[in-house]
Each structure stands twice: as C-alpha cells, then as structure tokens.
Amino acid sequence: MPKYSTRRIGAAEFELLIPLMKDCFGMDVNIQYFQWKYIDNPAGSFIGFIAIDNESEEVGAYYGVIPQKMLIDGTERTIYQSCDTMTHSKHRRQGLFKMLAMECYDFLKKNNELFIIGFGGADSTPGFIKFGWNHVFNFRYSFRPALFCKITAFASFSKSNFSEDPSFENLQQVTNKINSVNTIHSKRDATHILWRTKNNHFNYRFVFYKQKEEAIGYAIYYINDNKLILFDFVFSTNKCRKALLWYLSKIVSKNNYKAIIAYCQENGSKEKELKRSLFLINPFKKGPLTERTPFIFFADEEVMKKYQSPQQWQITSYDHDAL
C-alpha cells in the first residue's frame, strides 16, 4: 500500500488547508480567505490537489493554481498562476511536491489549458526549474526614501483633481486607458480590481487623478511596517505620474513613513517609470530591499520558446497572488 494518496480538493474542504498555511507560511487564515482567493475570483475557480497520509489521514501537501485573464498577442486568454504550494514539515522529502504538481499539469494539459505562471521562492524555484519551468526575469524593489518624498511634497497640485473613491466608474475609466506594447499582460477591469483588493491581509487604499471629471490614472497602496507600499499604479501622462506620486509623498511626509516601496519587473516599463521620479534600487547583494524574486512560467515546449524573452512580458505586483 502506498504511503500517500492524492486527489483533487473541493470548495467545501478548505479547512484542510488551514494547518498547512500555518505550518508553511506562519499565516493564520480562515475559510473566508480561501473563499475570496479560490472561488470568488471573476476569472474562475481554482484547481487544487492534496496528498493524504494513508496511515494518519493527515493532509501532507497541497498544490494548486488560480485562473487569471491575460492578453496574449492581443487575444484574451485564461492562464493559471501557481500559488500556495505547501508541504507540511512532518511530510517533507517524500516527493509530494512533484507528485501533486505533475497531477495538476496533467489535468490542465488534458483540458488544453497548460499555461502557468509563478513567482518563485528561494526553496521552490529550483524544483520548478527541474520540472522544465522557464525563469524569464526577476522582480525587485524600487523605493523613494522619505527625504525624497519631502522634497517632492513641495510641489503643488490642486486637491480637486484627486479622488479616493474606488467606484466602479472611476476604476473603469482608468482601465479603459491601459494599453501595453508588451505581448503578455493582465486583462484589467473594474470588477477584477474590486475583487483583487478584497484580500483581508491588507487594507488597500485608492487615489485617482482626474482631468475634467474623468479619472486618467490611479495608485493603489497600503501601509505596512511604517512604509507606503505602492501595490499598483497607472500613469497615463507625465503630469498624472508626478501628481499621484506627489499625493503619496505628502502621505509619507505627514505620517513620518520611511519610504514609498514598489515591487517591479526588473528593467520593465513600470520600473523605468518610477526611476524618472526619484525611485532608487539597491544594486548590492546585501542590505535592505535587495531581494530578487524569480518570475517563471510553464507551458508546452513550443509556447515556452515563443515567450522566453523578458521584453514580451509586462507583469506587475498586481499579478502576484500574495501582495
């Protein structure tokens, strides 16, 4: 008799994942968290598999993906993000990660849906690479220190041009203006953004920049560890960029926060936008904000060859399931 058996997990069994989240990530989550992330997603429901110890009947590991709408060569397509890969500390070195991952990939391949992206961790990335995943580029931190925020805050913009109302109308006006020259990027709309920012681990806040009563850009942020985390942004013009970053810099200065922190595709368009606005990057391997997170993807061999260049992608922190 094999030591473990595997099967697909359903929406009524999320309580089985709570101990894994605590053991693997130190996160205290509830059923509502999984309901939001795995079921309420406007792009569709999750696909996940668990490994069960046949003797103790404990859930030893989980592997799953969540759907995501992307524009690929101008065509909307549903792909999947690998997330919450978990093996309980009592069940490691049993090959469970590979066992569950392969079962998930086979499922997607049978349904002609094998196109998966992921943000790799230090421990998990080598395993993904062994399975044939492609490491396309890294994510890294950009930051505007508090001193630079104070300097920027001396500028002046009319408060009447700003709104903090995350209404469907404001969001849709901005997403209608999102155009990317990149091959692969998120398909944004107001419905998805409103869902995405219901993650109860963060208190997301919005600020819109308006011209003639129309929202032409936004910044979505939250506060963590005395820092303003710039979660997502759309700057449709240079003036819009300067105005929204001025607004955020005023918040940093008023509350004595340490910095504005953003998480961007290395050498991507978002990082370049922030560089024009006094955002810095730690170029060293030591010190604060030096972490690099691999962005990886997996698909049929032909597709992986086609999209192996970093310039073909525009991935942002909005796409990262845990931010």
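Accessible areas come from the Shrake-Rupley method with a 1.4 Å probe. On that basis, the protein chain of this predicted model exposes about 15,600 Å². Carbon and sulfur atoms supply 50% of that exposed area.

The overall dimensions were examined next. The protein chain has 323 residues and a radius of gyration of 21 Å. A compact globule with 323 residues would have a radius near 20 Å, so the value for the chain agrees with that expectation. Along the principal axes, the C-alpha atoms fill a box of roughly 70 × 40 × 40 Å. The secondary structure comes to ten helices and 14 strands. Buried residues make up 52% of the 323 residues. Among contacts with a separation of 6 or more, 71% join residues 24 or more positions apart.

Aromatic rings were then considered. A pair of aromatic rings is described by the distance of the centres and the angle of the planes. The count comes to 42 aromatic pairs. One of them joins Tyr38 and Tyr62. This pair is stacked, with 6.2 Å centre to centre and 20° between the planes. The angle falls under 30 degrees, and the pair therefore counts as stacked. Tyr38 belongs to helix 2 (residues 31-39), and Tyr62 to strand 3 (residues 59-72). The two are 24 residues apart, and the pair links distant parts of the chain. Tyr38 has a relative accessible area of 1%, so it is buried. Tyr62 is also buried, at 2% relative accessibility.

Tyr105 and Trp133 form another aromatic pair. Here the centres are 6.2 Å apart and the planes meet at 55°, a tilted arrangement. Tyr105 lies in helix 3 (residues 96-110). Trp133 lies in the loop between helix 4 (125-130) and strand 6 (134-145). The pair links distant parts of the chain, 28 residues apart. Tyr105 is buried, with a relative accessible area of 4%. Trp133 is buried as well, at 4% relative accessibility.

Aromatic residues also gather in a cluster. Phe115, Phe119, Phe137, Phe139, Tyr141, Tyr263, Phe295, Phe297, Tyr307 and Trp313 form one aromatic cluster. Elsewhere, charged side chains sit over rings. The charged end of Arg188 sits over the ring of Tyr318, 3.8 Å from the ring centre. Lys270 lies over the face of Phe233, at 4.5 Å from the centre of that ring.

Charge pairing was examined separately. Side chains of opposite charge can pair when their charged atoms come close. A search of the whole structure finds 15 salt bridges. One of these joins Arg7 and Glu13, at 2.6 Å from N to O. Arg7 is partly exposed, at 32% relative accessibility. Glu13 is partly exposed too, with a value of 21%. Values under 20% would count as buried, so Glu13 at 21% falls in the partly exposed class.

A salt bridge also forms between Asp321 and Lys37, with the closest N and O atoms 2.5 Å apart. Asp321 lies in the segment after strand 14 (313-314), whereas Lys37 lies in helix 2, so this pair ties together parts that are 284 residues apart in sequence. Both Asp321 and Lys37 are buried. Helix 2 also holds Tyr38 of the stacked pair.

The side chains of Lys227 and Asp225 meet in a salt bridge at 3.0 Å, N to O. Asp225 is exposed, with 53% relative accessibility. Shared partners produce a network as well. Salt bridges join Arg140, Glu266, Glu271 and Lys275 into one network.

Thr125 was taken as a single-residue example. Thr125 is found in helix 4. Its relative accessible area is 9%, so Thr125 counts as buried. Leaving aside neighbours within four places in sequence, Thr125 is in contact with Gly120 and Pro294. Thr125 and Asn161 are 36 residues apart in sequence. In space, the C-alpha atoms of Thr125 and Asn161 are 44 Å apart.

Conventions:
Residues numbered from 1 in each chain as written. Predicted model: local features only at pLDDT ≥ 70, side-chain atom pairs only at ≥ 80, totals over all residues. Heavy atoms only, no water. Phe/Tyr/Trp six-rings, centres within 6.5 Å; stacked < 30°, edge-to-face > 60°. Helix = DSSP H or I, 4+ residues; strand = E, 2+ residues; numbered from the N terminus. Buried < 20%, exposed > 50% of the residue type's maximum accessible area, 1.4 Å probe, protein only. Lys NZ or Arg CZ within 6 Å of the ring centre and 35° of its normal. Rg over C-alpha atoms; globule rule 2.2 N^0.38 Å. Contact = heavy atoms within 4.5 Å. Salt bridge = Lys/Arg side-chain N within 4 Å of Asp/Glu carboxyl O.
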